Amino acid sequence: MLPWTGSRMPTIGIDLGTTNSLVAILTAEGPQTLANELGEHLTPSVVAIGADGALLVGRAAKDRLVVEPDAGKAFFKRDMGTAAAYRFGGRTWTPTECSAAVLDELKRIASMHLGTPVTQAVISVPAYFHDSQRQATMQAARIAGLEVQRIINEPTAAALAFGYRQRDVEAKLLVFDLGGGTFDVTVLEMFSGVIEVKASGGDSRLGGEDYTDLLLAHVLAQHGPVAPEPAHGRLRQVVEVAKRHLAIQDAVTIPVGSREIAITREGFAALTAALTARLRPVVRRCLRDAGLAASDLDDVLLVGGASRMPMVGALIGEDLGRTANASLDPDRVVALGAAVQAALCDNHEAVQDLVLTDVAPHTLGVAVSKELSPGHHQNGFFSPIIERNTIVPCSRVESYRARDPQQDVLEIEIYQGENRLVLENSMLGKMQVKGLRAREGQKHVGEIEVRFSYDMNGILEVEVLILATGVRHARVIECRPGAMSREQIDAAVQRLRPLKLHPRDRLPNRARLERANRLYGELTGAARAALSARVDDFDAALQEQHPERIAATAAVLDSFMAHFFAGEGERQPDPDAPQGA
């Protein structure tokens, strides 16, 4: 435990990831990620319902999905800010509620280490997350009982972790962040403790899971259909393990039924070439926006577990002419940076000389009509107000005029994107303004000023001034797909509050049972019988609630299962590994 002795509750840093999530705090030794009772720093971003109806989060939920894929949901981060919904456990879940369950688990881990309740957090999101995704993240935090002090972009957090220990370095850096579900690139400059973001770009639906999906589709095409459930869940896990091994091996074999399908590293690279090609234009545009050439960079930092894939290193070598810097733990660096930002929010003396600036990742504007020929207007054009990569917080204003001077009502459509036509951009919301109709003696008939104010959390406020009357209309954009009302958020809080996340005693015990259940389905014969005997002993110890016997039977079960899971190649961060060196 790291008992908290400060005068106020600390702000924690959270990396809410597509595949795994982490929580971190700033200590006297620097930022540190916190482990759960299993000793694991990575909490799988998975929610499931156990066979007994209990809510499972993290490791136990992940193993549950291998056995029963329809019992829960993973990869819901990709659906944040949308109207997506999932059916499991006898009810419908939203991506926001699933994220809230993970955030609640991370909050519990932090409270366990600090010995005090935690209520404030800095949460990282992909730089290319738009307004609705950021708002959904904040709603998830509210359901989990967390007040968000700051939303920080993931590559910016990574740079902050780097800069914490490299305050005297003057460098131009490119952060290459390929996670499980999203891809971000950020170009920044560091000097005298200042971290200044120059440009950001990305793809919020491109990540390591897409590579896994392609490899799985290839395996299924080679083998033919397999039994749909639960075999498909187990096969995807086998494919994921094979993908990890291809990062360190030249070839692997993937067992499917009675067959083995061979795949080489080169074959995997060729199979996923189209995915890898999508990385290239994002890097180039980000450099162009920053006004830099590849030769101007001093370093390229790798972030995200998927950045370990050999094809990523090859692309960086080809396009940027250098070997990427992996001295920072790609799995852990974002959480560490979030902890540094949390310390900045707390005015911690250890970070008083650090300064961070960030930029708007998207262009923000409104829909307008244009007079393409005399008397002929065409709707649907995009008028930018805040250009992408403008330093935030920022406020910009543009003037517009209604087409008809007798028009009294104007509906303003707010968009983000980079296309000249709003049809190709994303609508953030609408705003209706009344009182434009001309009155006798009025000046500026039908004229308005639209001001966009964008903060460090990526939240947009729109203010419209009617010049003829001086009347102002303002609102934070709320018309978002999948957004939850105050009543819906309160209801979600009430639904999650009474659920016992780990009813079979402590978290490690529930996780062991789910892992044993998964392994039981994979073994046969004597091995299955041996596992069953050890699980029976452990289960009996739980029923008796005898601490010494629980510990003893758990150790026997763990030792038995370790042999079978050793080859899966899962990584857990080394908390003692140097960071930012």
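Let us start with a hairpin: strands β12 and β13 form one, with four residues between them. Helices (H or I, at least four residues) and strands (E, at least two) are DSSP runs, numbered from the N terminus. This is a predicted model, in which local features need pLDDT of at least 70 and side-chain atom pairs count only at pLDDT 80 or more, while totals for chains, interfaces and linings use all residues. Residues are numbered from 1 along each chain as its sequence is written, and side-chain values use heavy atoms, with hydrogens and water left out.

Back to the hairpin. Strand β12 covers residues 171-178 and runs antiparallel to β13 (residues 183-191), with eight bridges joining the two. Two strands count as paired if DSSP finds at least two bridges between them. To find the register, look at L174, whose bridge partner in β13 is V187. Strand β12 also pairs with β17 (residues 299-303), here in the parallel sense and over five bridges; V175 has L301 as its bridge partner in β17. How much of β12 is covered? Seven of its eight residues are buried, where buried means under 20% relative accessible area, exposed over 50%, and partly exposed in between (1.4 Å probe, protein chains only).

Next comes a sheet elsewhere in the chain. It is open, has four strands in the order β20-β19-β23-β24, and its pairing is antiparallel. The edge strands, each pairing on one side only, are β20 (376-386) and β24 (426-434). Neighbouring strands in this sheet are turned against each other by 40 degrees on average, direction ignored. Within it, β19 (residues 364-373) is joined to β20 by eight bridges, and S373 has H376 as its bridge partner in β20.

Now for the helices. Two packed helices are described by the angle between their axes and the distance between the axes. Axes here are lines fitted to C-alpha atoms, for helices over the stretch in contact, and angles run from 0 to 180 degrees between N-to-C directions. The axes of α1 (residues 59-67) and α13 (residues 507-522) come within 8 Å and cross at roughly 20 degrees. That makes α1 roughly parallel to α13 (angles under 35 degrees count as roughly parallel, over 145 as roughly antiparallel, 65 to 115 as roughly perpendicular and the rest as oblique). The crossing is left-handed, meaning that the near helix is turned anticlockwise from the far one by less than a right angle; clockwise would be right-handed. Among the α1 residues that meet α13 are R59, D63 and R64, and the α13 residues include E514, R515 and R518.

A second helix pair is α2 (residues 95-114) and α3 (residues 131-143), whose axes come within 8 Å and cross at roughly 55 degrees. These two helices are therefore oblique to each other, and their crossing is right-handed. From α2, T96, S99, A100 and L103 meet A136, T137, Q139, A140, A141 and I143 in α3.

One residue deserves a stop: Q341, in helix α11 (residues 333-345). Is Q341 buried or exposed? Q341 is buried, because its relative accessible area is 4%. Leaving aside neighbours within four places in sequence, Q341 is in contact (heavy atoms within 4.5 Å) with V122, R150, I152, L160 and L356.

Finally, step back to the whole chain. The protein chain has 15 helices and 27 strands, and 54% of its 581 residues count as buried. Among contacts between residues at least 6 apart in sequence, 68% join residues at least 24 apart.
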